[in-house]
Amino acid sequence: MSIAVGTDDVYERELVNASEAGPAPKRIVVGYGFWIFLLSDIVMFSALFASYAVLAKASAGGPTGAQLFSQQNAAMETAFLLLSSYSCGLMTLAANSRRYFRTFLGAAVTFLLGAAFLTLELREFHSMIALGATAQRSAFLSAFFTLVGCHGLHVTIGLIWLVLMMVQLAMWGFRPVVERRMLCFALFWHALDIIWVMIFTVVYLMGVLR
Amino acid sequence: MMYVNLFWVWGHPEVYILVMPAYGIYSEVSATFSSKPLFGYRSMVGATLAICVLSYTVWLHHFFTMGASASVNAFFGITSMIIGVPTGVKIFNWLFTMYGGRVRITVPVLWTIGFMVTFVFGGLTGVLLALPPVDWQVHNSLFLVAHFHHVIIPGVLFGVMAGYNYWFPKAFGFRLEERWGIASFWCWFIGFHLAFMPLYVVGLMGMTRRMQHYDVLSWQPWLWVAEAGAVIVLGGILCQIVQLVVSIRHREQLRDTTGDPWNGRTLEWSTASPPPAWNFAVPPRVGELDAFWAKKQRVRAKQEQPVSRREYQPIEVPRNNPTGFVTAFFAVITGFALIWHIWWMAGVGLLGAAATLLTYMFHPDEEVEISAEQVALFDRTHPVEVSL
């Protein structure tokens with residue numbers, strides 16, 4: 001972005017000395033804006049976590065967390081998602097050094113790991129619903145499906161976003177706009193990881209405690 | 001109760017989100033029309049931050065009768081009273097801003113003074129309601145209804161009206177007609193108090209909110225007074241509409257050619273009215289609070305010359321883009337459909353929003369560059385009193 005400066009020498013000197021070199025670079029502005037969006041998302045998840053914490057024991061005579069949750073499944077989900085965050089980090093590094101093949105490879109691995117996570121989650125939901133543990137069964141299950149489902153929905157949107165970014169990268173190469181969007185995607189993906197770690201702890205680990 | 005808790009833990013901070021921009025408007029208006037800097041700028045910022053934090057700690061006062069323990073109610077009662085303190089700081093700051101200033105009683109100032117008087121009433125009844133035992137007595141009564149109208153109407157609507165009259169010339173290039181503005185203010189102010197003061201009385205007499213009919217004769221005179229007040233408020237609304245129509249008709253007489261119709265203090269008044277898309281041809285230097293005012297003082301004292309020579313450079317501005325509006329349109333459809341379980345319509349809304357975002361995503365040129373010549377031409381044809 002170009003900035004207009006006055007003709008006055010004093011003004012120009014002051015401008016440089018005071019580090020008032022015009023508006024911040026767009027990458028910074030976009031990253032900042034996206035952080036604000038992520039924080040708003042985290043506020044929403046905080047409300048869902050608070051509801052879950054209050055309702056976790058309200059199983060209304062229906063199945064409880066200890067009966068429903070499989071530690072093994074949750075551990076695998078966690079492993080897939082954390083590894084996908086790692087491959088997403090590798091993708092960002094490759095994109096920063098503008099290596100196409102490594103970027104695409106990182107994206108493909110991230111996508112596959114994310115899809116594997118989602119498959120496990122949907123299988124878990126399916127088996128729970130087959131057992132009659134639907135969202136309507138109890139307050140605990142309503143809170144569970146809202147919280148975990150909302151995270152899963154975010155992962156789904158993230159996967160669609162990742163595919164779109166790869167299409168844009170193939171179409172336009174490393175344009176500034178593509179780079180900024182990939183930066184936002186990486187922030188989004190890592191934030192989902194943090195939320196999952198909370199879900200793993202609060203829902204799955206604490207859920208099987210007596 | 002889970003839903004009510006979630007609703008109000010969002011909803012109470014939200015009323016501060018409503019009222020905070022209005023506080024900002026009152027700060028601008030009181031400083032500008034008193035020709036003084038805002039009193040206690042730092043304490044104003046501190047009070048705003050205090051309100052931001054405290055606003056998250058008071059939500060339970062919306063349902064003291066839920067049946068939480070006395071300690072829980074006491075906690076939220078105390079926090080609700082404490083939040084009155086930073087708000088009081090703000091009121092004193094505005095008063096001290098006006099104190100000793102050369103106050104010009106314009107329409108925005110009328111709304112600001114009207115706000116301070118009315119809002120203090122609302123705040124006082126709010127502190128009463130913050131006491132859980134009192135709240136148990138008047139819960140769900142018209143006393144409560146009168147209270148929250150007494151804070152929200154001056155806290156939001158009066159602020160909006162002050163800001164509308166204050167920035168209208170900046171946005172549209174001509175001032176709003178003053179006499180109809182004054183008439184509108186007085187109708188609103190008198191009508192509002194007539195409409196809501198009697199509601200405190202009938203609330204204390206036991207009238208609950210949202211009644212489909214009533215058969216208590218002793219309420220009736222008070223409700224007639226309230227109705228008369230509502231009619232006067234209607235007169236205020238009509239005056240506002242007339243004000244706008246008259247102002248548009250007489251826009252040539254009301255034209256603001258200086259860019260600074262109120263002898264303003266802040267940077268927006270150093271641009272033309274209405275300002276160009278790029279706002280400032282050259283980024284302004286800001287060394288102090290009220291930068292434009294300080295510059296005007298220096299120029300008038302001949303300590304500094306207005307900028308005469310300038311070197312213009314092209315400016316990059318975002319292209320006009322309807323994506324936000326169109327997405328919001330589809331989001332409204334989706335929200336409506338989800339509330340009423342109209343699944344096909346929710347699908348249409350989501351698909352529409354997704355298609356809009358995709359169109360935006362694959363349309364790479366979001367920026368347009370304004371040439372240096374165009375910026376220079378605008379500056380030459382729209383001279384303002386003091387350029388920064």
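1. Helices, as counted in this note, are DSSP runs of H or I of at least four residues, and strands are runs of E of at least two. By that count, chain A has 7 helices and 0 strands. The model under discussion is predicted. Along the sequence, chain A reads α-α-α-α-α-α-α. Buried residues make up 23% of its 210 residues. Of the contacts in chain A with a separation of 6 or more, 78% join residues 24 or more positions apart.

2. Chain B contains 13 helices and 2 strands. Its C-alpha atoms fill a box of roughly 75 × 60 × 45 Å along the principal axes. Chain B has 388 residues, and 34% of them are buried. Among contacts in chain B with a separation of 6 or more, 81% are between residues 24 or more positions apart.

3. The domain assignment divides chain B into domain 1 (2-249), domain 2 (267-318 + 368-381) and domain 3 (323-364). Domain 2 is thus written as two segments, 267-318 and 368-381. The centres of domain 1 of chain B and domain 2 of chain B, taken over C-alpha atoms, are 37 Å apart. Their contact involves 7 residues of domain 1 of chain B and 6 residues of domain 2 of chain B. On the domain 1 side, helix α7 (residues 142-172) of chain B gives the most, with 4 residues. The residues on that side of domain 1 comprise 5 nonpolar, 1 polar and 1 charged.

4. Helix α7 of chain B deserves a separate remark. At Y166(B), α7(B) bends by about 40°, and the proline P169(B) follows within four residues. The residue after α7(B) is G173(B), which has a positive phi near 90°.

5. Which residues have the most contacts inside the largest nonpolar core? They are Y26(B), V29(B), W111(B), L142(B), A146(B), A162(B) and L199(B), in a core of 45 residues. At least two residues of this core come from each of α1 (2-34), α4 (84-98), α5 (107-129), α7, α8 (178-204) and α9 (220-249) of chain B. Helix α8(B) supplies the largest share, 11 residues.

6. L199(B) can serve as an example from this core. Leaving out residues up to four places away in sequence, L199(B) touches L142(B), V145(B), A146(B) and A226(B). Of these partners, L142(B) and A146(B) are also listed with the most contacts inside the core. A second, separate core has 31 residues, including L81(A), L141(A), A143(A) and V148(A).

7. In chain A, E121(A) merits attention as a residue of helix α5 (residues 100-130). Is E121(A) buried or exposed? E121(A) counts as buried because it has 22 C-beta neighbours inside 10 Å, and the cut-off for burial is 20 or more. Beyond its neighbours within four places in sequence, E121(A) is in contact with E77(A) and G152(A). The C-alpha atom of E121(A) also lies 8.4 Å from that of A74(A), a residue 47 positions away along the chain.

8. Some backbone geometry should be checked against general expectation. Most residues other than glycine have a negative phi, and most peptide bonds are trans. A60(A) is not a glycine, yet its phi is positive, about 50°. A60(A) sits in the loop between α2 (26-55) and α3 (65-68) of chain A. Because A60(A) has 10 C-beta neighbours inside 10 Å, it counts as exposed, the limit being 12 or fewer.

9. R210(B), also a residue other than glycine, has a positive phi near 55°. R210(B) is located in the loop between α8 and α9 of chain B. With 7 C-beta neighbours inside 10 Å, R210(B) is therefore counted as exposed.

10. Where is the cis peptide bond in this part of chain B? The bond joins S273(B) and P274(B), with omega about -10°. P274(B) belongs to the loop between α9 and α10 (291-300) of chain B.

How values were computed
Residues are numbered from 1 along each chain as its sequence is written. Chains are lettered from A and ligands numbered from 1 in the order in which they are written. This is a predicted model: local features need pLDDT of at least 70, side-chain atom pairs count only at pLDDT 80 or more; totals for chains, interfaces and linings use all residues. Domain bounds come from an automatic or database domain assignment. Two residues are in contact if their C-beta atoms, placed from the backbone, lie within 7 Å. Ala, Val, Leu, Ile, Met, Phe, Trp, Tyr, Cys and Pro count as nonpolar, Asp, Glu, Lys and Arg as charged, and the others, Gly among them, as polar. The bend at a residue is the angle between axes fitted to the seven residues ending there and the seven starting there. A nonpolar core is a set of buried Ala, Val, Leu, Ile, Met, Phe, Trp, Tyr and Cys residues joined through C-beta atoms within 7 Å.
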